[in-house]
Amino acid sequence: MSPKIVAALAEKSLRQVSLGPQYCAALTTRGELLTWGQAGRLGHATQGGHEADELLPLHVEALKGVFC
């Protein structure tokens, strides 16, 4: 496989990116955490909810407003 542009991140200023075999995560300079990949590792499930595989980056809402 070759690297691909992630259009959803094109307008974001990234501080750090983590890429793994099942999931990816990107932290913006504004403190937003976006994840995508295989369900169960992304942080998108709410209490009692189920998480689905995500092909595109989604904000981890549980961390919204938390700046690191």
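Which residue of β2 stands opposite Leu19? I will come back to that once the strands have been introduced, but a few words on the model belong at the start.

What we have here is a predicted model, in which local features need pLDDT of at least 70 and side-chain atom pairs count only at pLDDT 80 or more, while totals for chains, interfaces and linings use all residues. Residues are numbered from 1 along each chain as its sequence is written, and side-chain values use heavy atoms, with hydrogens and water left out.

Let me begin with the overall layout. The protein has 0 helices and 4 strands, where helices (H or I, at least four residues) and strands (E, at least two) are DSSP runs numbered from the N terminus. Along the sequence the pattern therefore reads β-β-β-β. The radius of gyration is 12 Å, close to the 11 Å that the globule rule gives for 68 residues, so the protein is as compact as a globular protein of that length; the radius is taken over C-alpha atoms, and the rule is 2.2 Å times the number of residues to the power 0.38. Taken along the principal axes, the box that the C-alpha atoms fill is roughly 35 × 30 × 15 Å.

Turning to the surface, the protein exposes about 5300 Å², and carbon and sulfur atoms supply 57% of that area, as computed by the Shrake-Rupley method with a 1.4 Å probe, where for residues only the protein chains shown count as cover. Of the 68 residues, 22% count as buried, and here buried means under 20% relative accessible area, exposed means over 50%, and partly exposed lies in between (1.4 Å probe, protein chains only). There are 6 positive and 6 negative side chains, and the centres of the two sets lie 6 Å apart; Lys and Arg count as positive and Asp and Glu as negative, without His and the chain ends, and each charge is placed at NZ of Lys, CZ of Arg, CG of Asp or CD of Glu.

Now to the strands themselves. Strand β1, residues 14–19, runs antiparallel to strand β2, residues 23–28, and 5 bridges join them; two strands are said to pair if DSSP finds at least two bridges between them. The connection from β1 to β2 is a hairpin through 3 residues. To return to my opening question, the residue opposite Leu19 is Cys24 in β2, and Ser18 has Ala25 as its bridge partner in β2.

How many bridges join β2 to strand β3? Again there are 5, and β3, residues 33–37, runs antiparallel to β2. Ala25 stands opposite Thr35 in β3, so that Ala25 has a partner in β1 as well as one in β3. The hairpin of β2 and β3 has 4 residues between the strands, and in this hairpin Gly31 takes a positive phi near 85 degrees.

Is β2 mostly covered or mostly open? It is mostly covered, since 5 of its 6 residues are buried. Ala26, which is found in this strand, counts as buried because its relative accessibility is 0%. Contact here means heavy atoms within 4.5 Å, and, leaving aside neighbours within four places in sequence, Ala26 is in contact with Leu9, Leu14, Gln16, Val17, Glu32, Leu33, Leu34 and Trp36. The C-alpha atoms of Ala26 and Trp36, 10 residues apart along the chain, are separated by 9.1 Å.

The segment before β1 offers two residues to look at. Val6 is placed there and counts as partly exposed, at 30% relative accessibility. Not counting residues up to four places away in sequence, Val6 touches Trp36 and Pro57, and its C-alpha atom is 11 Å from that of Ala26, 20 residues apart along the chain. Ala10 lies in this segment too, but at 54% relative accessibility Ala10 counts as exposed.

Finally, where is Gly40 placed? Gly40 is in the loop between β3 and β4, the latter being residues 54–59, and Gly40 is exposed, with a relative accessible area of 66%. Gly40 and Ala52 are 12 residues apart in sequence and 7.6 Å apart in space, C-alpha to C-alpha.
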